[in-house]
Amino acid sequence: MIDSKFKWQIKQNTDPQQVQALSEALKIDPLIASILLQRGVSTEEAAQDFLTPSSKDFHDPYLMHDMKRGIARIQHAVENEEQITVYGDYDADGITSTTIMYEVLNDLGANVDYYIPNRFSDGYGPNVDAFEKIINNGTTLIITVDNGVAGNEAIDVANSLHCDVLVTDHHSLPEVLPNAYAIIHPRVKNQDGRAYPFGDLSGAGVALKVAQALMEDLPIDLIDVAAIGTVADIVSLKDENRAIVKFGLNAIRNTQRPGLLALIKAADIDLSKFDEQDIGFGIAPRLNSLGRIDDANIGVELLSTFDDQKATELAKFADHQNDSRKSLVDEFYQQAVQMVESSGDAENRSTLVVVGDDWHQGVLGIVASKLVEKYGRPTIVLTSQDGNDQVKGSGRSVESFDLFSAIDPIRDQTIGFGGHHSAVGLTINKDKISVLKDQLEKAAEDQELDLSQKPTLDIAAKISADQINNQFIKNLNVLAPFGQDNPKPVFEIEYDQLIDVKTMGKTGDHLRFSLVKNKSRLTAVAFGQGAAAGQLSNGSASIKVSGEINENTWNNHTTIQLMVSDLKQIALPIVDERTQKLHKQMFSQLGTYVFFHENVFTQLKGYINDDSSALMYDQLASNKIVGTKLFIVDCPDVVDDLATVLRHSHPETTVLYLYKKRLISRIGMPDRSSYAKLFRFVKNNPNLNIGTQLQKLAKQLNLTSRTVVFMIQVFLELDFITIHDKIINLNPHYLSKDLKSAPSYHLRQEQVKTEKALLVSNTKELVSFVKGYLDN
């Protein structure tokens with residue numbers, strides 16, 4: 001059984017006439033018009049602007065907060081030959097931002113230098129020690145690029161040393177802005193309460209606007225570098241960013257920069273066909289690797305040098321650093337997977353924390369991202385440092401879990417912590433690792449993280465494999481450049497045969513096959529799907545395929561291929577829709593809805609339409625199934641109850657919601673020592689008020705409140721204790737009994753057993769389990 005990674009969502013346009021009208025007005029293919037409408041481009045004027053960016057898309061730089069004040073200060077510094085230092089950042093956006101600012105100031109004859117902080121010794125953003133060093137070397141004006149809006153402390157130090165700081169940044173605004181000489185930021189509002197017309201510029205984009213104001217014209221010679229930073233930082237490719245990248249790509253194809261040409265050659269990119277994907281997968285990783293592995297200052301030198309030999313040497317070095325980065329990521333990722341698999345955390349926990357030994361800190365975020373992709377849950381990857389008592393690392397999250405707010409409650413127990421919803425960086429003492437793990441699990445429960453819910457994959461349209469040709473590619477490319485908020489369209493491919501299935505890669509991790517339709521053949525490549533090779537049979541029509549359409553050039557021969565986004569097996573009689581949240585729309589289909597718990601049945605039966613049927617599980621034998629679908633709504637406490645339902649029904653399709661808000665199997669069964677502790681506590685503390693002292697009791701026993709309540713119920717059923725008005729006392733006449741004889745204890749055992757079979761299992765195991773009963 002091939003289980004899809006995503007929940008497919010086919011985009012539908014409700015007004016075919018609107019599609020046709022836009023298609024005819026712009027003389028574009030109806031499919032392209034349809035995609036534009038899906039993306040909110042609904043008028044002829046808006047579509048024309050989107051498809052053909054022009055110079056009018058570049059807004060007046062003086063509309064940005066403090067631009068006039070900042071430009072005046074820079075001009076004063078240039079005229080008076082003040083020492084200016086551009087303070088950058090160590091990622092690709094920071095390197096390109098620094099290059100832009102450094103070059104434009106150089107062109108103006110400024111006395112300028114640049115400083116990019118070291119990821120490992122300086123950290124991100126303005127650093128007090130670094131600022132003091134820069135100022136002590138004679139700098140009287142620091143211009144930050146791609147950072148600084150949260151650098152309050154370092155900027156205050158600079159002010160005290162009589163050095164002005166001009167912040168140019170695009171990151172999230174803090175509650176209190178720094179006391180900088182000027183803050184040039186597209187989201188900071190001017191005195192009239194209005195912000196810059198487009199708030200999603202990258203750091204390089206903001207630097208370009210400063211350059212535009214300084215030069216009193218758009219600096220075309222810098223737009224190639226700005227395009228690299230814009231794509232690399234994954235900002236919205238709408239409005240001004242779209243124009244920057246559109247013009248920037250053309251500039252790159254005609255670039256005379258020795259460093260950029262050398263980098264393109266090192267990355268084995270065809271310059272004549274250079275596009276935004278070449279930045280994202282070729283240029284940006286090489287620039288990013290410099291700061292991840294060692295010193296990012298080399299990146300500015302590479303982009304700004306006019307020495308061909310030096311450019312070649314630096315490009316080769318960047319390529320080497322990128323290879324090192326990939327090697328380190330692969331090494332640590334494999335080790336991390338082994339740790340996760342051996343610990344059983346992927347089955348027992350909603351979040352993952354992996355701690356390595358002497359792993360390179362610069363790649364931990366990438367390793368965390370790969371683990372999130374593999375296990376589908378928030379992950380933090382940490383490493384020990386030089387034998388000390390600290391671990392440092394990065395975390396990445398899934399869309400439905402706020403990682404920053406999850407850790408924020410224990411901020412005071414960290415040494416360093418920062419980030420946002422989807423990514424964090426932190427340093428903690430080793431003895432706080434367990435605290436971090438517990439806090440993440442608590443946050444997963446508080447945020448009601450539902451790991452059964454798949455991320456959405458937007459499908460632009462269904463298209464036939466024989467429709468995909470050179471003209472199709474040409475039509476599609478009018479939507480480029482692709483990126484954030486304008487992703488490359490994903491299509492579901494209709495075909496007659498799936499043939500020539502082969503694995504690729506040293507360990508067979510990847511997949512290659514062909515889709516045939518009316519004698520036309522489309523080659524498809526699915527990275528990371530090698531394990532599915534055995535389940536894809538030639539001529540099979542039970543596999544749905546979705547992906548992006550690309551051109552692939554090899555040995556000067558260009559072919560069209562499908563880059564597979566997801567595979568989905570269809571026409572199954574059993575559908576896995578397990579969930580920890582129920583929604584009204586889940587009860588809109590015609591069918592029979594079966595419940596195992598009276599309270600769930602009572603709450604939800606009103607949502608089921610009159611043409612369907614809602615029954616408790618023990619009523620099914622005497623009632624006829626309505627429709628062809630059977631919906632198992634909630635999870636039974638005992639497997640045999642589900643078995644009884646399945647034996648009494650023969651639907652065409654069985655849909656398994658198996659709703660359960662919280663899994664008891666994650667808590668497990670209390671051990672005997674826990675019961676013994678509770679017994680002694682009750683014995684030594686008569687008249688215990690469970691209404692007011694439950695939290696204290698749970699803390700004393702180092703157990704959750706829910707577990708303590710369960711254990712008290714077991715003791716009550718065994719007559720070990722008495723409860724009157726929430727006051728607990730030991731029963732002076734209790735008799736020794738086996739814990740297993742308590743009904744609640746037995747039920748908990750059955751619930752754990754049932755959850756393992758129905759909720760913890762993967763789709764293949766669940767379908768096999770259920771099918772075994774349906775076939776009997």
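This tour proceeds through a predicted model, from a pair of strands to a set of aromatic side chains.

Begin by selecting residues 83-87, which form strand E2, together with residues 111-115, which form strand E3. These two strands pair in the parallel sense, over 5 bridges. Within the pairing, display Val-86: Tyr-114 of E3 stands opposite this residue. Next, add residues 92-107, helix H5, through which the chain crosses from E2 to E3. The resulting β-α-β crossover is right-handed.

Turn now to the aromatic rings, of which the structure holds 20 pairs. Select Phe-596 and Tyr-617 as one example. Their ring centres are 5.2 Å apart and their planes lie at 25°; the pair counts as stacked because this angle is under 30 degrees. The two residues are 21 residues apart and link distant parts of the chain. Phe-596 belongs to the loop between strand E21 (592-595) and helix H20 (598-604), whereas Tyr-617 belongs to the loop between strands E22 (613-616) and E23 (629-634). Phe-596 is buried, at a relative accessible area of 8%, while Tyr-617 is partly exposed, at 24%.

Proceed to Phe-715 and Phe-720, an aromatic pair with 5.5 Å from centre to centre and 55° between the planes, a tilted arrangement. Both Phe-715 and Phe-720 are buried. Extend the selection to Tyr-675, Phe-679, Tyr-734 and Tyr-745, which join Phe-715 and Phe-720 in one aromatic cluster.

Finally, select two arginines. Arg-748 lies over the face of Phe-710, at 3.8 Å from the ring centre. Arg-73 lies over the face of Tyr-181, at 6.0 Å from the ring centre.

Definitions and conventions
Residues are numbered from 1 along each chain as its sequence is written. This is a predicted model: local features need pLDDT of at least 70, side-chain atom pairs count only at pLDDT 80 or more; totals for chains, interfaces and linings use all residues. Side-chain values use heavy atoms; hydrogens and water are left out. Two strands pair if DSSP finds at least two bridges between them. Helices (H or I, at least four residues) and strands (E, at least two) are DSSP runs, numbered from the N terminus. A crossover is right-handed if, with the strands pointing away from the viewer, the path from the first strand over the helix to the second runs clockwise. Rings of Phe, Tyr and Trp (its six-membered ring) pair if their centres lie within 6.5 Å; planes under 30 degrees apart count as stacked, over 60 as edge-to-face and the rest as tilted. Buried means under 20% relative accessible area, exposed over 50%, partly exposed in between (1.4 Å probe, protein chains only). A charge sits over a ring if NZ of Lys or CZ of Arg is within 6 Å of the ring centre and within 35 degrees of the ring normal.
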